[in-house]
Amino acid sequence: MQLPLGLDANARASLQAQIFEQVRNLIVDGRLQPGARMPATRILASDLGVSRNTVVLAYERLAAEGFVEMRSPIGVFVARNVIFDSPRLPEASIASGRDGSTYRDRRIVFRGESHTVAPSPDASIRYDYWVGRPDATLFPAKAWERILHQTLQEHGPGVSAYCDPAGLLELRRAVAQYVGVARGIRARPDQILITSGIQEALNVLARLFIGHGTEVAVEYPCYSGAANVFTSYGARLATVNVDREGVDTSRLPADIAFIYVTPSHQFPTGATLPVERRAQLVDWAERAGAYVLEDDYDSDFYYDSAPLPALKSMDEAGRVVYLGTFSKSLGAGLRIGYMVLPDCLVEAATVVKALLDNCSPWLPQKLLAEFVTSGAFAHHLRRTRTIYRDRRDCLLEVLREHFGDLDVSGSQGGMHVMWRLPEDFPDASTIQREARRRGVGVYDLLSCNVRVRRDDHLNARSLLLGYATLDEDAITDSIALLANAIQDGAAECDAACPQPWQRSMA
Ligand SMILES: Cc1ncc(COP(=O)(O)O)c(C=O)c1O
């Protein structure tokens, strides 16, 4: 570490005093952290062009006054219990965000809210039904290790260079091939833009289309990770209701820049949008001169039949932007997603991507390209699909054993189902609380990144169950605990008047 010290040989203070003073300042204002190793005296002396003894004397004084600790023979370290001059902000400079959170400086013009990227670790939860997570133990680590080794041997220099902001060509080719076969989309590699997950793609599109007050449409309810991006750029949200078949295409608004939809597996209800509604949506976009952002986050997992081709596959007029991700099939930590863009948006979107981060990291793109083109990805999908399908089957069966007939949606694909609770059950937040006390994480919509009104009946009466990370034993044990939780929650709510389902469970 090179310290930012500047000595003045003509100053009245001695060189030793100047070193003492400047190092002390670095420590008290927090730029040198407690426990940090100080440069060796010989090295600092050489950096500053002074004698080693001058530095030794300065260090001794710093030690005597409690700023550093001499740990001979290891070295000199900033003292751990040093007192900081931490700058305190005047209360008046604390501005409130829309959600009531505080922004510590009034000059921060950004006023956004975030979704929950990952739930905070909770050791008390043994069985967690958090939505949208693949089973980390199924990550094909051996294949990646082999590809990593080969890649670094053959193409190591790629790691240290920027790549095309639109993404590595091999990966864009592999994605074009994949979406052609799996999603029925005819795309050239130059229409593909690699992003850091769908989340970055949404930011790129928001940057393209949204200015202060721009009206855009979202499903109601919808994924708050998307809605929050749009509002953070100044959008006004129009909502289009979702029914049992997905977004209601008979009520699409006029004069909007785009509508954001999840047609394969509506988030959160899991509805699949029927072909007629898809056609209506594409027609409407063409007539209205608007775009459709198709978020296809978890369509890699369809269990009983192939998924319907993507909306983008019906897009003759170039009004649909398709958003895909490897977060569900491989893992969100990879941070690799992609967009399939209409030709007219390619250039502008690539410029925005370059402004955001120059380009996505080369190495994960290279490994993924190899993983997909070698056929290993298709193999991985076949394997994980079977495992998740068995888990889904087990979940539905065990739920039926405990609760009888179920109103569950979204089980045809993806990694979560939405369970609309019978009217005589306790409400979702009571069940969530009681289940948590028994080590089971189940969630109402609001807790799981769903944009929905708190007092909406759907929020009060629905639970989301993400099942991909739990094996059959875990599902069986946890649903038994959930049944207890529901029984106790109901008893608490209505001790005097047992409900029919409670009697049947007893
Ligand atoms: C509906 C939906 N869209 C997009 C995403 C974000 O995916 P990514 O990890 O690719 O940014 C998620 C994440 O869970 C999601 O649920």
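**Group meeting: the ligand site and its surroundings**

Let me open with a contact: a polar side-chain atom of Thr325 is placed 2.6 Å from an oxygen atom of the ligand. I should say at once that this is a predicted model, and that the distances I quote are to be read in that light.

Two further residues make contacts of this kind. In Lys328, an N or O atom of the side chain lies 2.8 Å from an oxygen atom of the ligand. For Arg335, the separation between a polar side-chain atom and a ligand oxygen is 2.9 Å. On its own, the ligand has 400 Å² of accessible area, and the protein covers 89% of that.

Where does the ligand sit? The largest pocket holds it. The residues around the ligand include the aromatic side chains of Tyr223, Tyr260, Phe267 and Tyr297. Also among them are Asp295, Ser327 and Gln199, together with Gly197 and Ile198. Thr325, Lys328 and Arg335, which I have already named, belong to the list as well.

Which helix gives the most to this shell? That is helix α6, residues 197-209, with three residues.

I turn now to helix α7, which spans residues 224-232. Is this helix mostly covered or mostly open? It is mostly covered, as eight of its nine residues are buried. The buried set begins with Ser224, Gly225, Ala226 and Ala227, and it continues with Asn228, Val229, Phe230 and Thr231. Gly234 follows α7, and its phi is positive, near 105 degrees.

Gly234 also leads us to another part of the chain. Phe110 and Gly234 are 124 residues apart in sequence, yet their C-alpha atoms are 9.7 Å apart in space. Phe110 itself is found in the loop that runs between β4, residues 102-103, and β5, residues 127-128. Why is Phe110 classed as partly exposed? The reason is its relative accessible area of 41%, which falls between the limits of 20% for buried and 50% for exposed.

Finally, a word on the strands β1 and β2. Strand β1 covers residues 68-71 and strand β2 covers residues 75-78; the two pair in the antiparallel sense, over four bridges. Three residues lie between them, and together the strands form a hairpin. As one example of the pairing, Val68 has Val78 of β2 as its bridge partner.

To close, I return to the ligand: it sits in the largest pocket, and Thr325 places a polar side-chain atom 2.6 Å from one of its oxygen atoms. Thank you for your attention.

Notes
Residues are numbered from 1 along each chain as its sequence is written. This is a predicted model: local features need pLDDT of at least 70, side-chain atom pairs count only at pLDDT 80 or more; totals for chains, interfaces and linings use all residues. Side-chain values use heavy atoms; hydrogens and water are left out. Buried means under 20% relative accessible area, exposed over 50%, partly exposed in between (1.4 Å probe, protein chains only). Two strands pair if DSSP finds at least two bridges between them. A residue is near a molecule or strand if one of its heavy atoms lies within 4 Å of it. A polar contact is a pair of N or O atoms within 3.5 Å; within protein, one must be able to donate a hydrogen and the other to accept it, and residues adjacent in sequence count only if both atoms are side-chain atoms. Accessible areas come from the Shrake-Rupley method with a 1.4 Å probe; for residues, only the protein chains shown count as cover. On a 1 Å grid over the protein atoms alone, a cavity is a set of points where a 1.4 Å probe fits but cannot get out, and a pocket is an open set with protein on both sides within 12 Å along at least five of seven lines; lining residues have an atom within 4 Å of a point. A molecule sits in a cavity or pocket if more than half of its atoms lie within 2 Å of its grid points.
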